[in-house]
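Q: I have a structure open and want to go through a few spots in it. Can you take short questions as they come?
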Amino acid sequence: MDRTALFPNLNGILHGGDYNPDQWLDRPDILKKDIELMKKAKINCVTLGVFSWSVYEPVEGEFHFEWLENIIDNLYDNDIYTILATPSGARPAWLDEKYPDSLRVDAYGHRFHHGVRHNHCMSSENFRNKVKIINTKLAEKFANHPAIILWHISNEFGGYCYCDTCKKKFQNYLAKKFNHDINKLNKAWWTNFWSHTYGSFDQIEPPYANGETSILGLNLEWKRFTTFNMTEYMKFEINILRTISKNIPITTNFMKLYEDLDYYQMAKELDIISWDSYPQFHNDKESLEDTFFDNGFNHALFRSMKPNKPFMLMESAPGVVNWNAVNKYRRPGIHKLASMQAIAMGADTVQYFQIRKGRGGFEQFHGAVIDHLGTDDTRIFKEVSEVGDILNKISEVAGSVADNKVAVLFDWDNRWAVDDVKALAQETKNYDNTCIKMWQAFVKLGVDPDVISSDADWSRYKIIIAPMLYLLHDGEAEKIKKFVSEGGQILATYFTGYVDHNLLCYLNGFPGDGLKEVFGIISEEIDSFYPTDRNHILLKGYDNSIEVYDYAELLRVDTADILGIYEEDYIKGTPAVTKNQYGKGNAYYLACRVNPEELKPLFVRMLQDANIEIKHIPDGVEYHTRYGDRTKYEFYSNITDNAIMIDNVKGMELVTRTKIENEFLLNGKQVIVVKSEM
Amino acid sequence: MDRTALFPNLNGILHGGDYNPDQWLDRPDILKKDIELMKKAKINCVTLGVFSWSVYEPVEGEFHFEWLENIIDNLYDNDIYTILATPSGARPAWLDEKYPDSLRVDAYGHRFHHGVRHNHCMSSENFRNKVKIINTKLAEKFANHPAIILWHISNEFGGYCYCDTCKKKFQNYLAKKFNHDINKLNKAWWTNFWSHTYGSFDQIEPPYANGETSILGLNLEWKRFTTFNMTEYMKFEINILRTISKNIPITTNFMKLYEDLDYYQMAKELDIISWDSYPQFHNDKESLEDTFFDNGFNHALFRSMKPNKPFMLMESAPGVVNWNAVNKYRRPGIHKLASMQAIAMGADTVQYFQIRKGRGGFEQFHGAVIDHLGTDDTRIFKEVSEVGDILNKISEVAGSVADNKVAVLFDWDNRWAVDDVKALAQETKNYDNTCIKMWQAFVKLGVDPDVISSDADWSRYKIIIAPMLYLLHDGEAEKIKKFVSEGGQILATYFTGYVDHNLLCYLNGFPGDGLKEVFGIISEEIDSFYPTDRNHILLKGYDNSIEVYDYAELLRVDTADILGIYEEDYIKGTPAVTKNQYGKGNAYYLACRVNPEELKPLFVRMLQDANIEIKHIPDGVEYHTRYGDRTKYEFYSNITDNAIMIDNVKGMELVTRTKIENEFLLNGKQVIVVKSEM
Amino acid sequence: MDRTALFPNLNGILHGGDYNPDQWLDRPDILKKDIELMKKAKINCVTLGVFSWSVYEPVEGEFHFEWLENIIDNLYDNDIYTILATPSGARPAWLDEKYPDSLRVDAYGHRFHHGVRHNHCMSSENFRNKVKIINTKLAEKFANHPAIILWHISNEFGGYCYCDTCKKKFQNYLAKKFNHDINKLNKAWWTNFWSHTYGSFDQIEPPYANGETSILGLNLEWKRFTTFNMTEYMKFEINILRTISKNIPITTNFMKLYEDLDYYQMAKELDIISWDSYPQFHNDKESLEDTFFDNGFNHALFRSMKPNKPFMLMESAPGVVNWNAVNKYRRPGIHKLASMQAIAMGADTVQYFQIRKGRGGFEQFHGAVIDHLGTDDTRIFKEVSEVGDILNKISEVAGSVADNKVAVLFDWDNRWAVDDVKALAQETKNYDNTCIKMWQAFVKLGVDPDVISSDADWSRYKIIIAPMLYLLHDGEAEKIKKFVSEGGQILATYFTGYVDHNLLCYLNGFPGDGLKEVFGIISEEIDSFYPTDRNHILLKGYDNSIEVYDYAELLRVDTADILGIYEEDYIKGTPAVTKNQYGKGNAYYLACRVNPEELKPLFVRMLQDANIEIKHIPDGVEYHTRYGDRTKYEFYSNITDNAIMIDNVKGMELVTRTKIENEFLLNGKQVIVVKSEM
């Protein structure tokens, strides 16, 4: 494995964020002050140009890059590198005025008015032509500038367009997918239900909100197409840069479990994965620990997209964001914990939105390193500087990566399918949270699972947790069979293997496509609970029962062993947890929804069977590891305010430069990084 | 009275449901298996072709019925009859593509895109032409097939269209109604309020959501027109069939208390009433008993539309539906209870949606007799088969009918008017539930009221309960006067007789149009309560007070006797319940909202005065009767899980073939049918 | 000061309301009866013609005023005066049919259909032409009629139009405002954030809901423009009348804290301020006292717009309204209390919507003096008559006015800016309620603050309370400096002085524009709380802590004295309340949200410092004063049902004609007016 820091010339770890000097070109005093303050905060890189199109090209065809060159030069002179964005995240007013097909059309078929951002029609030729020109000029100007270390494509891709151009592209996409055979599509989508058979691909419209919303295959393909079209657009931007700039890596910034784009598809086209992390700390819906776990799941997801290299924390909030329902400040120490969580989980960067607050605009009150007050003695500035200090001290971890043997299967097609399925209970499907909670239960056992797609390389894992795997891709059942029969352990749950890639139900028993033999059971009914409904299950060999909520399947057991049974209601006494030996491995089935933390005995057994080390992690402490070529870095964070004793820890602590022999008293909100040889 | 079973050749009771073999034409093995399984479940009839248009006519003008003929023949060879639907419930894609005026226009004036179902413009000539062709061909092909026992027109009519064709039809409808005199309309709608006077019928638009919503007369007439137009369309379909097929009766399937169509108007055009019943058992909003009562009220409503013949339970769910917010399975025994409730209340059929689940489509997870698993040993299949058994055992009840002397007045115009009235409290008008709860209180006294319209034949009843009769049709006050003066008893409530048929307030005292003399009171104020507000009333001769919620009127008493008074607030001591002798009868007035079950003493007195037998029904038991020419069938259902002793029961029990002399221990979830001679 | 009654020929106080005889022209018996009943109720004035356009001009160009002349004459013969409205509140159907540009366009760019009211495009030339004609004719006909005492322009102005004409007007408005320099606008709106720079004024669109919603300066200017355009339209109507009718004063009716129009701007064009007051008494969200306070704040606001003359209560509900979510009747005595609150706070009129209920229309169940029953013995009629009696008895108060030394600053621009700001917590910004609660705390100390705009004359006040003064107008900081330095006391709160008139943040510390020197502090952070979050502050010299909710700022103290500190969380021990001496005055700063009633010690100190008398007002009693030239009228209302002893009261009580020496036992729901010389 080639373990190198993403940006070695930065001394390893990048500390920086989005910077908008174009908003202050008439204030050289501010620009000068910014550099001073950045130096104080140990910032070594900024992201420029994310929304600079109207400064680059204020009038169509008239270009201005000289100001940017000055900025980049000045920064570079002060040892601050630049990540340069393409400006396609928002369009100048003149572009929409002249080329209205650049504007999206909404789900009712109405074109949007000019405004906001991230809302161009990705299929518009006029829009693409303008992007091509500006990107080309930008790349030609800066591709060889030594300060530029990364290209940042557009910004936070997202959304749908229902215009006629997109409709036509969608029809072509479908025609290609179904071999230009409309009957193949009709069969796959079971369209003669409600007489919905199509006579030709030309008849197919997007699932307009006031049109065809009842063909679930159409709904799903529309989402797949949107990812396809967005990816194709992203590649179009990437190709412009690659032609001119051969050596600078390329990324785009992803968002938290973003619903509408299958990031696995987009990730393939990128050199580096980066994402924007905005956890809502101290909210009233969950514990602080849960907020960290929820965020951590995302780190694991993005890390796992390219498991052999670090990822980037591209944006995060110094102090506060301004767009939440409640914009609460991060309490002292939280900024450090959140920044270090990223590093602990495999990031080589801590970046912020934003370096300095703009005086106006939608995000004038979004947290920044430099506030309107403009001084270096604000609470937030000092906390940012502290992170800068720590990153310097632990810079050697750059390039090291996670290496886990457990994975949680998290699949976009399945998210979409579960979300749209006309079954279960609308408010409690919770596919995402079900995956997160499974992941969390393992983290609490000292294991930090990867989060992987159905078509990832599964060979590096010994245990796969696959919650609610409702939809099976072509070949996925075979892949599971192979994984288990060769010695892997899998845990599946209620609502597994009901439908194929086109959402057609499997006949003759769920889970389908051969999986009922793997698990040794058939699911006959899936019952949905009202929010207050409860059942309980009893795990064999344990006395206390576990609460069941939301969903419970009625199983028919074939070859499986019964590990747990229901205790109440009409399914009392029937199996709720089973285990089936299949080849060299074991296939576990959990027929109902429970809090995964209550399944600890089961998970411990699975880990023991797989010879994976279980580590005792005190409550309130988060633990992750990164591995260099011969070095192990263990990260301990105390998210509480009280000191907690950690034992079984040994090595050189990098932040305090302390040698730890066996135990360590971790203060409230303290983070340590313990290095040991392997 | 001519008491004959609806379908005598079926041995009395029909057991079946919607079947979609057109989804499986490439799977003869499945089609064969289906017949085997139907036979096992004692299914003797299926409904075919509900959404088969695109199979019949995949390309405009190209017709295929041969497959259907094969299916019908095969079923008939296996003693399974067919109900044949016209396919107009959903349009093929080619039809919308070629004739976009078939698509509806929404309340903002925007035309829908192609998709979903039940959403054609009922006024579209193009659509009607296409329906005429397909229906004609279907009728010509199958009118004489001995398997066909019923025509099923389209499916679950509903909804509105705001297109220009409908607008023009609406204007013509109004012109006719108001004798082409726009001033007559202006006066009826009181349009010079807010300067809304129309100069001509051409100026009148439907009540667009972004247009004229403030003329309540317009809103009401728009609803009346929609029923008129839908009925006229339904008659159009009926006439096509009647021309060709003279002997086969015709129905369409109604829905639970459907808001938007006055089913009383549509019922007149049908030979048989049928409806689709989907109670949400085991929900978190009400008791299981209340769910049964709520459903039972609907049976009573549909039964009462043609009181001299049985009705049909056209659709019901085996096990579970898939389109609720929470899709919870019916617990064991519930399917039997629900099916038998329909029979007990006068249905001659138990039918399901659906016989077999489709592999795809919107309802792939809707309950069915045959699941994706495809076996005869699922819980649901066995419960369906048990119902088949029972129906065989009690087949002789077919053709018998209910015969009740009490009725609840439930009026669509009044529903619409109460719903739209700018008065009271928006969230607690609850006209429907007020009627249901009144009905329920009588059912608990062993009386099963009919549910009737204002223009029904009232002569068969001795007691009429008329909750919230806000709007009085022309002549309705006279009808009430006649009913009471000739010896009938009526109970009216708060919010009675405020407006006439056009929603104009009566002057000189509510209830208007002469009713203040019938009731001997005038209502001066109607006060609306906030959800937590309460008052209490004291019924004369009873010590405990009854809780008042939602509404309370301030009465002025003229000739009436005061039966109860308010105990609190500014109306303390004033009359709340009155009784007025009028001619040979009595007119009761309840001035406030209370739980009708608390009015039991009043209802007992009314029933005793009318010489109607009161029967003691234990809690948890539901009781209904059907009458043959000289036979009485009493149905007892135990909806609890515990055995309950029933006394005062005597006759031959048909399910267990047991002779009962006086009492019977009814097991949990058991249903018995006791036959006795009259 | 020229203290004269608004309408001296009415014997001082006007008692009346909206009357719609045009709905009853075919019922002369009703019209006759109405006058009888009005006389009984001591009604001396009615408002006519508010929605009479379609009666005046049933067909374009055909006019009918003779009926109105008859009505006015008949009323005048019975000593009932007339307020005459222009009929532009709703358009006849023929007008919309012929001139569809009279209809507004919604926020998505779609034109409305004809219907409802108050929904014309204020910029439409066609609409204006038609208004000009009808108003001219009306004025010419009635300007010299002795019965006419006031012109009433249109009705309850409100709403937005997004049509192309309005867009163009908006662009012109902006071009003028920014000196035709698009760069000036770009800078003011900070548009290069997200690349939103405009190239020309022609590119600027209104903030369409599906367009540009992210430029907060645009959003704010759109609201300012809407006020500008509405005012300009109102002036257009006013000018028509003024040309013909020189001596009759002009008003329009405002609404409760109406969000969308800056009434301060409109008030300047009117001779008299009037408003429509519809408090929801007895609701489930607040105490009865709070409902009165909430309403009272509005009286204070409208009173303060022209502090030297009385205002008008133009509409209020006899008994009940019909358009609330819950339409609950006013309990006995409430009508009197509400009517007298208006008089106590400076109104010279008590007017109702409506004199008689119409038989149909949207408000057929809205309370009226004369009900459908049509008699003089209803509860409501009697309560209205009682008010008529009292008004006669206290007629001498007409012309007297309030005179207060404390004011609450309530600013429309600031409301809009706070509402739209992307910061804080969406659900708890509560600017309005924060102002109301501050006002209420002073009223409970016997002081009845005025409610004033930023550009009012502040010289009459000694104390200004300025809650959440987020936005500072040009020159406002200077005005505050002057006010304080010359001896005034100001209390500002969290979220003060963040942005300038264009919403650009101040640099170098909030509050900006020099105010940090006035208050001697800088606010570094503003933390938003989740609904259940709490902190506490301790006021110096007091033992018990005060609860903090919603917001808390972290302060940096410069010259200010610390009066209170936070007790919890990360800001524990830091300052929460400060006082800074500035010139001859004091500037208080409250850094967090608390219930103002808990700040009583602070307010008492401020009042004492300003030599303003504090009066002990028992709970449940409302107290206000009016001043004639040498007379003081003190109003005491007991809103409870129990008698309350009032002390320190001396003078002649006008309602009971009792001389009070020192104390008075005020019965439940009683109102007294105590006159004393000054």
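Q: How many residues does helix H6 of chain B have, and how far does it reach from its first C-alpha to its last?
A: This is a predicted model, so everything here is computed from it. Helix H6 of chain B, residues 164–177, has 14 residues and reaches 20 Å, close to the 20 Å expected at 1.5 Å a residue.
Q: Which of the residues of H6(B) are buried?
A: B:Cys166, B:Lys167, B:Phe170, B:Gln171, B:Tyr173, B:Leu174 and B:Ala175.
Q: And what covers the buried residues there?
A: The cover includes two helices of chain B, H7 (182–188) and H8 (216–244).
Q: What is the phi of B:Asn179, which follows the helix?
A: The phi of B:Asn179 is positive, near 50°.
Q: Switching to chain C. Which strands does S2 pair with?
A: Strand S1 (residues 14–18) of chain C is joined to S2(C) by three bridges, and the two run parallel. S2(C) also pairs with strand S3 (residues 81–85) of chain C, in the parallel sense over four bridges.
Q: Which residues are the bridge partners of C:Asp18 in S2(C) and of C:Cys45 in S3(C)?
A: C:Asp18 has C:Thr47 as its partner in S2(C). For C:Cys45, the partner in S3(C) is C:Tyr81.
Q: Are the faces of S2(C) covered or uncovered?
A: Both faces of S2(C), residues 45–48, are covered. C:Cys45 and C:Thr47 lie on one side, C:Val46 and C:Leu48 on the other, and all are buried.
Q: What unit do S1(C), helix H1 and S2(C) make?
A: With helix H1 (residues 28–40) of chain C, S1(C) and S2(C) make a right-handed β-α-β unit.
Q: New topic. What turn and shift lay chain A on chain B?
A: A turn of 120° and a shift of 0.0 Å along the axis, with an RMSD of 0.0 Å. The two copies are therefore related as by a three-fold rotation axis.
Q: Which residue of chain A comes closest to the rotation axis?
A: A:His110, with its C-alpha at 6.1 Å. The copies use different surfaces, as 2% of the contact residues of chain A recur in chain B.
Q: Last one: where is A:Asp403, and why does A:Asp403 count as partly exposed?
A: A:Asp403 sits in the loop between helix H12 (379–393) and strand S10 (406–409) of chain A. A:Asp403 counts as partly exposed because its relative accessibility is 32%, and that class lies between under 20% for buried and over 50% for exposed.
Q: How far is the C-alpha of A:Asp403 from that of A:Ser304?
A: The two C-alpha atoms are separated by 9.8 Å, with the residues 99 apart along the chain.

Notes
Residues are numbered from 1 along each chain as its sequence is written. Chains are lettered from A and ligands numbered from 1 in the order in which they are written. This is a predicted model: local features need pLDDT of at least 70, side-chain atom pairs count only at pLDDT 80 or more; totals for chains, interfaces and linings use all residues. Side-chain values use heavy atoms; hydrogens and water are left out. Buried means under 20% relative accessible area, exposed over 50%, partly exposed in between (1.4 Å probe, protein chains only). The expected span of a helix is 1.5 Å times one less than its number of residues. Contact means heavy atoms within 4.5 Å. Copies are superposed by least squares on the C-alpha atoms of residues with pLDDT of at least 70 in both. Two strands pair if DSSP finds at least two bridges between them. A crossover is right-handed if, with the strands pointing away from the viewer, the path from the first strand over the helix to the second runs clockwise.
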